[in-house]
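The following exercises ask you to read helix packing, core composition and residue burial from a structure. Try each task before turning to its solution.

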Amino acid sequence: MTLRTPQAILFDLDGTLADTAPDLAGAVNQLRIARGLEPTDYELLRPTASAGARGLIGAAFGLTPQDADYAELRDGFLKNYEEAIAVESRLFDGITELLANLRAQGLSLIHI
């Protein structure tokens, strides 16, 4: 069996190359604060960040998409995140070097 050399590598930016959990948690906590609630502890939100609005709203409000208030919270969450999408987000350690190494090998890098 002959292995082919890849021509490109595809990356998911959010949560793979960049740690966006702080901004995602901030977006859901803005919803809590706007409703007079205390922010949810970041350590409780971080594990659910990869599940997006569904996970974060579930952790912060105990709601699922089947709940009546979910759609309004989801829309508010997405608006908050759009307005502060890269405030605290950072590339994970070693990503800059990884990308430079892959480029030096002549690979195209595509983020999706």
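**Exercise 1.** Determine at what angle helix 1 and helix 4 pack, and how far apart their axes are.

*Solution.* In this predicted model, the two helices pack at an angle of about 130°, and their axes are 8 Å apart. An angle of 65 to 115 degrees would count as roughly perpendicular and one over 145 as roughly antiparallel, so helix 1 is oblique to helix 4. As for handedness, helix 1 passes helix 4 in a right-handed crossing. On the side of helix 1 the contact is made by D23, L24, A27, V28, Q30 and L31, and on the side of helix 4 by L73, G76, F77, N80 and Y81. Sorted by character, the residues of this contact of helix 1 with helix 4 comprise 7 nonpolar, 3 polar and 1 charged.

**Exercise 2.** Work out how helix 3 is oriented against helix 4, and which residues meet between them.

*Solution.* The first step is the geometry: the axes of helix 3 and helix 4 come within 10 Å and cross at roughly 115°. Helix 3 is therefore roughly perpendicular to helix 4. The crossing in which helix 3 passes helix 4 is right-handed. The next step is the contact itself, where A53, R54, L56, I57 and F61 of helix 3 meet Y70, L73, R74 and F77 of helix 4. Of the residues in this contact of helix 3 with helix 4, 7 are nonpolar, none is polar and 2 are charged.

**Exercise 3.** Identify which residues of helix 3 are buried, and state which helices they pack against.

*Solution.* Helix 3 spans residues 52-61, and its buried residues are A53, G55, L56, I57 and A60. These buried residues pack against helix 1 (21-34), helix 2 (42-45) and helix 4 (70-83). Beyond the end of helix 3 comes G62, which has a positive phi near 70°.

**Exercise 4.** Describe the largest nonpolar core: how many residues does it have, and which of them have the most contacts inside it?

*Solution.* The core has 17 residues, and those with the most contacts inside it are L24, V28, L45, L56, I57 and F77. At least two residues of this core come from each of helix 1, helix 3 and helix 4, and the greatest share is that of helix 1, with 6 residues. Taking L24 as an example, and leaving aside residues up to four places away in sequence, one finds that L24 touches A49, L56, F77 and Y81. Another core, of 6 residues, lies apart from the largest one, and its members include F11, I95, L99 and L102.

**Exercise 5.** Decide whether T20 and Q30 are buried, partly exposed or exposed.

*Solution.* Begin with T20, which lies in the loop between strand 2 (18-19) and helix 1. The relative accessibility of T20 is 8%, and because buried means under 20%, T20 counts as buried. Not counting residues up to four places away in sequence, T20 touches D14, G15, Y81 and S89. Turning to Q30, this residue has its place in helix 1. Q30 has a relative accessibility of 40%, so it counts as partly exposed. A last step places Q30 relative to G62: the two residues are 32 residues apart along the chain, and their C-alpha atoms are separated by 16 Å.

How values were computed:
Residues are numbered from 1 along each chain as its sequence is written. This is a predicted model: local features need pLDDT of at least 70, side-chain atom pairs count only at pLDDT 80 or more; totals for chains, interfaces and linings use all residues. Side-chain values use heavy atoms; hydrogens and water are left out. Buried means under 20% relative accessible area, exposed over 50%, partly exposed in between (1.4 Å probe, protein chains only). Helices (H or I, at least four residues) and strands (E, at least two) are DSSP runs, numbered from the N terminus. Contact means heavy atoms within 4.5 Å. A nonpolar core is a set of buried Ala, Val, Leu, Ile, Met, Phe, Trp, Tyr and Cys residues joined through side-chain atoms within 4.5 Å. Axes are lines fitted to C-alpha atoms, for helices over the stretch in contact, and angles run from 0 to 180 degrees between N-to-C directions. Angles under 35 degrees count as roughly parallel, over 145 as roughly antiparallel, 65 to 115 as roughly perpendicular and the rest as oblique. A crossing is left-handed if the near helix is turned anticlockwise from the far one by less than a right angle, and right-handed if clockwise. Ala, Val, Leu, Ile, Met, Phe, Trp, Tyr, Cys and Pro count as nonpolar, Asp, Glu, Lys and Arg as charged, and the others, Gly among them, as polar.
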